[in-house]
Amino acid sequence: MVESFRKTFNGWLDQRLTAELYVKASNLSVSDKVKAELNGKVDAVLPIVKVPQSILGIATDIYGFSPHETYEDHWPLIYQEEEAWPKINQKVGILINEQLYRRLSLNVSEMITIESKIGEAIKLKIVGVYSDYGNPKGQLMLPLTLFKKYFPNEPELSFAIRLPQNLITEVKNRLNEQFSSEDVLITEQIQIKNLSKQIFEKTFSITSALSILTLGIAGMALFASITTLGDNRRVHLAPLWSIGHRRKTLAILEALRSISLSSLTFIFAVPVGLGIVFILTNYVNLEAFGWKLPIFYFPIQWLFLFFVTIVITLFSTFLHSFKLATTSPAELIKASQYDT
């Protein structure tokens, strides 16, 4: 489950953070100057503006954005109507995040009602739902034209800038020369990704350490169980020896029995573990956070765990098998006598 989240989160960052630069102006005057400075010098200046609102008791941010191929090519939609993006471009549909979709039990093609700043409630059609991992709030995204219509006079202070990689440094330097750090905050895509990954890697590191600790405890428990069972089994092997089986043969059979038992346990453990992951992902995580993780499978890790299981089993049975192979007939008879 941890690896599924890591893979999902890294892929999600690559989809969501596609603009090369993100610029935030301190006020509207600076914002206008930034747009004038960048006009014609970059591929696209995409405004991002939002207003907070409570929709049926759910804290929600309503965003206005400029429909662009940046979103069409990279935005991670998990549910959508046919021709969802053309409908966005035609201003006949909106997007919501997964949290709002699940908390309000909405569906694609349904209408959602929001309060506008022009004094009336607005009903808008949902044409797509996008993943939004880690966000505790709902989100709703309107084409910028609709946003300005229903929420007039909201300043455009944040922008996503699309430009070729080789021009990033030049554009940053130009903005830094024209504006102070107090007027304009410039962030590169790679900086945001690295910061986000560093924060989550701390969580992943703790989880990995706990996983190793759990594996170690499980290995010790397996070792103790097989060793204890092996010592107890010596009593029941005396009759087999007495009817003609060699002690070394009995030792080999005991080792094979332990390996078979461990293998059978592992075979049943994998589907049980997958069942637990399914419940945690589709019910517990959904109830706690409002979003669902996709499940990825890692058979290489299963093979590694199977290898570790066999190694621990062999190590556990070695002492027992060695004792059995070197035990004298008198000791076997004596153990059987005490048992009866």
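In this predicted model, Trp 85 reaches well beyond its immediate sequence neighbours: setting aside residues within four places in sequence, Trp 85 is in contact with Phe 65, Tyr 71, Glu 72, Trp 75, Leu 77 and Leu 95. Two of these partners appear again in the description of the largest nonpolar core, which has 25 residues and in which Trp 75, Trp 85, Leu 95 and Met 141 touch the most other members. At least two residues of this core come from each of helix 1 (2-16), strand 2 (44-55), strand 3 (58-65), helix 4 (84-89) and strand 7 (121-130). Helix 1 is the leading contributor, giving 4 residues. Apart from this core lies another, of 24 residues, and its members include Ile 58, Ile 114, Phe 147 and Tyr 150.

These cores belong to a protein with 11 helices and 10 strands. Of its 340 residues, 39% are buried. Among contacts with a separation of 6 or more, 77% join residues 24 or more positions apart.

Helix packing is illustrated by one pair. Two packed helices are described by the angle between their axes and the distance between the axes. For helix 2 (residues 28-38) and helix 7 (residues 168-178), the angle is about 140° and the axes are 11 Å apart. Helix 2 is therefore oblique to helix 7, since an angle has to be over 145 degrees to count as roughly antiparallel. The crossing of the two helices is right-handed. On the side of helix 2, the contact is made by Val 34, Glu 37 and Leu 38, and these meet Val 171, Arg 174, Leu 175 and Gln 178 of helix 7. Sorted by class, the residues of this contact are 4 nonpolar, 1 polar and 2 charged.

Several loop residues also deserve a look. His 68 sits in the loop between strand 3 and helix 3 (69-74). Not counting residues up to four places away in sequence, His 68 touches Ala 44 and Leu 46. From the C-alpha of His 68 to that of Asn 89 the distance is 8.5 Å, with their positions 21 residues apart in sequence.

On either side of helix 4, the loops hold residues with positive phi. Glu 83, in the loop between strand 4 (77-80) and helix 4, has a phi of about 55° although it is not a glycine. Glu 83 has a relative accessible area of 54% and so is exposed, the cut-off being over 50%. Lys 91 is found in the loop between helix 4 and strand 5 (94-97). The phi of Lys 91 is likewise positive, near 65°, in a residue other than glycine. With a relative accessible area of 35%, Lys 91 is partly exposed.

What does Ile 118 touch, not counting residues up to four places away in sequence? The partners are Lys 149, Tyr 150 and Pro 152; Tyr 150 is also one of the residues of the 24-residue core. Ile 118 itself is placed in the loop between strand 6 (111-115) and strand 7. Because its relative accessibility is 38%, Ile 118 counts as partly exposed. Along the chain, Ile 118 and Pro 152 are 34 residues apart, while their C-alpha atoms are separated by 7.9 Å.

Definitions and conventions
Residues numbered from 1 in each chain as written. Predicted model: local features only at pLDDT ≥ 70, side-chain atom pairs only at ≥ 80, totals over all residues. Heavy atoms only, no water. Axes fitted to C-alpha atoms, helices over the stretch in contact; angles between N-to-C directions. Parallel < 35°, antiparallel > 145°, perpendicular 65-115°, else oblique. Left-handed = near helix turned anticlockwise from the far one by under 90°. Contact = heavy atoms within 4.5 Å. Nonpolar A, V, L, I, M, F, W, Y, C, P; charged D, E, K, R; others polar. Core = buried A, V, L, I, M, F, W, Y, C linked by side-chain atoms within 4.5 Å. Buried < 20%, exposed > 50% of the residue type's maximum accessible area, 1.4 Å probe, protein only.
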